[in-house]
Structure formats: structure tokens, C-alpha cells
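Work through the exercises below with the sequence and the model open side by side. Each task is followed by a solution in steps.

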Amino acid sequence: MATINDLVLVHLDRKPAFYARIDDITPDVKRGWYQVELLVLSLPPQTLVWILEETHLQGEEYTMGGRPVQLTLIPLKAPPQPGSPAPTGKAKVIPLVRKP
């Protein structure tokens with residue numbers, strides 16, 4: 001289930017539409033429903049509040065205004081294990097300032 005600070009991909013009409021971060025989840029006055037505050041990762045960023053059931057946060061498809069909507073959790077990259085060797089590569093550092 002998606003929770004606070006999780007990154008989700010929002011599908012509209014069964015097509016990927018935008019990424020958002022879940023900023024807050026509070027119980028709604030209607031039992032079993034939640035007010036979910038989403039920070040849409042766009043320029044400029046926008047904040048939305050959607051009223052959703054727990055199953056919607058688990059990835060179940062639902063409709064808004066007759067349009068199918070689905071939230072897909074984006075898994076976080078696992079942090080490196082303590083004591084594991086640093087990755088070795090042949091990356092090149094590109095300076096951002098030109099030398100005179």
C-alpha cells in the first residue's frame with residue numbers, strides 16, 4: 001500500500017499521466033475513505049487532494065468522472081549495505097564552469 005512520502009505513477013484512461021508524491025493521508029468524514037494530498041511533480045508543482053479508499057492506495061483501478069484512474073507505487077532503490085564496496089566505474093567528471 002502506498003503511504004506518506006511514497007512516489008506514485010498516476011494512470012489516467014489506463015495510460016501513464018504523471019508522477020506524484022503522497023504528502024499526507026488523513027481520514028475523511030466518510031468511514032473507510034481518506035483525504036490523500038498529492039504533490040504533482042510537474043513544473044510548476046501542484047498540490048491535489050483526492051478522497052480515496054484504502055484499496056485505491058493499494059493500486060486498485062477506480063474511476064473519477066467516468067475516467068479510469070490507478071495509482072502505481074514506484075519502488076525505492078535499496079540503499080547500499082554497510083561495508084559493501086563502492087561501485088567502480090570509468091565515469092568522467094564534467095566541470096560546470098569553464099576555465100579562462
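A residue is called buried under 20% relative accessible area, exposed over 50%, and partly exposed in between. By that scale E61 is partly exposed, because its relative accessible area is 34%. The model used throughout is a predicted one.

**Exercise 1. The sheet**

Task: State the order of the strands in the open sheet and identify which strands stand at its edges.

Solution.
Step 1. Six strands build the open sheet, and their order is β4-β3-β2-β1-β6-β5. The pairing is antiparallel.
Step 2. The edge positions belong to β4 (46–53) and β5 (62–64). Each has a single partner strand, so one side of each lacks a neighbour in the sheet.
Step 3. On average, neighbouring strands are turned by 40 degrees against each other, direction ignored.

**Exercise 2. Strand pairs and their registers**

Task: For β1 and β2, β1 and β6, and β5 and β6, give the number of bridges and an example of residues that face each other.

Solution.
Step 1. β1 (residues 7–12) pairs with β2 (residues 15–27) over six antiparallel bridges. Here L9 is opposite Y19 of β2.
Step 2. β1 also runs antiparallel to β6, to which five bridges join it. V8 has L73 in β6 as its bridge partner.
Step 3. Between β5 and β6 there are three bridges, again in the antiparallel sense. Y62 is placed opposite V69 in β6.
Step 4. β5 and β6 make a hairpin with two residues between them. In that turn, G65 has a positive phi of about 65 degrees.

**Exercise 3. The nonpolar core and H56**

Task: Name the residues of the largest nonpolar core that touch the most other members, then follow the contacts of L71 to H56.

Solution.
Step 1. The largest nonpolar core has 15 residues, and those touching the most other members are V8, V10, I22, W50, L52 and L71.
Step 2. At least two residues of this core come from each of β1, β2, β3 (33–40), β4 and β6 (67–73).
Step 3. In soluble globular proteins, nonpolar side chains tend to be buried together.
Step 4. Neighbours within four places in sequence aside, L71 is in contact with V8, L9, V10, W50, L52, H56, L57, G59 and Y62.
Step 5. H56 belongs to helix α1 (residues 54–57). With a relative accessible area of 7%, H56 is buried.
Step 6. Residues up to four places away in sequence not counted, H56 touches W33, Y62 and L71.

**Exercise 4. Salt bridges**

Task: How many salt bridges does a search of the whole structure find, and which parts of the chain does the R14 pair tie together?

Solution.
Step 1. The search returns three salt bridges. Side chains of opposite charge can pair when their charged atoms come close.
Step 2. D13 and R67 meet through their side chains at 3.0 Å, N to O. D13 sits in the loop between β1 and β2 and R67 in strand β6, so this pair links distant parts of the chain, 54 residues apart.
Step 3. Both ends are partly exposed: D13 at 36% relative accessibility and R67 with a relative accessible area of 40%.
Step 4. R14 pairs with E61, with the closest N and O atoms 2.9 Å apart. R14 is in the loop between β1 and β2 and E61 in the loop between α1 and β5, so the bridge ties together parts 47 residues apart in sequence.
Step 5. R14 counts as exposed at 60% relative accessibility, whereas E61 is partly exposed at 34%.
Step 6. R21 and D23 form a salt bridge in which the closest N and O atoms are 2.6 Å apart. R21 is partly exposed, with a relative accessible area of 33%, and D23 counts as partly exposed at 23%.

**Exercise 5. Backbone exceptions**

Task: Where is P44 found, and what is the phi of N5 and of R14?

Solution.
Step 1. Most residues other than glycine have a negative phi, and most peptide bonds are trans.
Step 2. L43 and P44 are joined by a cis peptide bond, with omega about -5 degrees. P44 is located in the loop between β3 and β4.
Step 3. N5 has a positive phi, near 75 degrees. N5 lies in the segment before β1 and counts as exposed at 55% relative accessibility.
Step 4. R14 also has a positive phi, near 65 degrees, and lies in the loop between β1 and β2.

Terms used:
Residues numbered from 1 in each chain as written. Predicted model: local features only at pLDDT ≥ 70, side-chain atom pairs only at ≥ 80, totals over all residues. Heavy atoms only, no water. Helix = DSSP H or I, 4+ residues; strand = E, 2+ residues; numbered from the N terminus. Buried < 20%, exposed > 50% of the residue type's maximum accessible area, 1.4 Å probe, protein only. Contact = heavy atoms within 4.5 Å. Pairing = 2+ DSSP bridges. Axes fitted to C-alpha atoms, helices over the stretch in contact; angles between N-to-C directions. Core = buried A, V, L, I, M, F, W, Y, C linked by side-chain atoms within 4.5 Å. Salt bridge = Lys/Arg side-chain N within 4 Å of Asp/Glu carboxyl O.
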